[in-house]
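Please find below a short note on the model under review. The points address one pocket, one helix and one residue in turn.

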Amino acid sequence: MKTMQDRSFKMFKLLKNWKYISFFTLITILLIYLFLADDIIASINGKGIKLSEMLQREITHFNIYDKYHDYIIIKLKIIPMIILGIVFLFVNFKNNLIKYTIGKKEVYNQEILKLKRKVALIPNIYLFIIMVIMLIITFINTKQIFTDNNSYFDLVFNKNDILYFITPIPIFRFIILELVTFISFYLLTELVLELVDRYGEINGILISGFVIWILPALFITNHPFFMNYNRYVPIGLMNSISLMSISITNVILPLIIQFVVVFWIRRLNTEKKEI
């Protein structure tokens, strides 16, 4: 009988599959395009400089700190696509896991929990690598560890909130933003994987898509209830950061709600769980 080590190795090989490499390559291309969309369209239409010259100029002048607000908005656009890819990856891993744990319910329950935690880290690992690359390019261009030419990091936190006072310099605010978005994205991915694990691939995608993305889009209104719903749904933290002037409640409450919902779904009766 194959060991868990053999299964883990097979899953690692599956992760290196060309389909998933191609998927993250396409996401990276989309990320770059969204950063440069206006210039690229102008270049293609012959209204600007050549595409190659434009790309060279953008790279040599790139500064992630000046473009951080744009990056947050871009992340909001690509997060659903990343999670969708992670769902299919999780389903593949889960199918492999089932083969090795037939008739071993306790072993399966332990391994599927570990699997969800590991797979939920993949989007953050990808975004961390992207951020490191952008930081290296920024350092090469500016010769500085941190710059804040457009004062975004002076505006992102509400100046009357404790978050602003415990982060006296902009680089601390940058670190806090990256940390809380890392945690939020991880919990969001875990939530989607829990729904997919419980209700199946299609139903899980539909339920999570409706609750996390479609309902907030329908509730764009000044009514206090709907404003609070949009602020505290799983994607609410990222929305708040994109709007700036956030407070500690905008950070803490969405994270707590995400954690509680993930924990609650995990504790539900497993009879409806799709295996």
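1. In this predicted model, the second largest pocket holds about 370 Å³ of space. Its lining comprises 14 residues, of which Ile-32, Ile-59, Phe-62, Met-134 and Ile-137 are the closest to the centre of the pocket.

2. Three helices each contribute at least two residues to the lining of the second largest pocket: helix 2 (18–44), helix 3 (51–60) and helix 5 (105–142). The largest share comes from helix 2, with five residues.

3. As to chemical character, the lining of the second largest pocket consists of eleven nonpolar residues, one polar residue and two charged residues.

4. Helix 4 covers residues 68–100, that is, 33 residues. At 1.5 Å a residue, a span of 48 Å is expected, and the end C-alpha atoms of helix 4 lie 44 Å apart, so the two values agree.

5. Where in helix 4 does the kink lie? The kink, of about 40°, is at Ile-78, shortly before the proline Pro-80.

6. Asp-70 also belongs to helix 4. Is Asp-70 buried, partly exposed or exposed? Its relative accessible area is 39%; because this value falls between the 20% limit for buried and the 50% limit for exposed, Asp-70 is classed as partly exposed.

7. Asp-70 should also be considered together with Phe-35. The two residues are 35 residues apart in sequence, and the C-alpha to C-alpha separation of Asp-70 and Phe-35 in space is 7.4 Å.

Methods:
Residues numbered from 1 in each chain as written. Predicted model: local features only at pLDDT ≥ 70, side-chain atom pairs only at ≥ 80, totals over all residues. Heavy atoms only, no water. 1 Å grid on protein atoms, 1.4 Å probe; cavity = no way out; pocket = protein on both sides within 12 Å on 5 of 7 lines; lining within 4 Å. Points joined across faces, edges and corners; volume = space filled by probe spheres on them. Helix = DSSP H or I, 4+ residues; strand = E, 2+ residues; numbered from the N terminus. Nonpolar A, V, L, I, M, F, W, Y, C, P; charged D, E, K, R; others polar. Expected span 1.5 Å × (residues − 1). Bend = angle between axes of the 7 residues up to and from the residue. Buried < 20%, exposed > 50% of the residue type's maximum accessible area, 1.4 Å probe, protein only.
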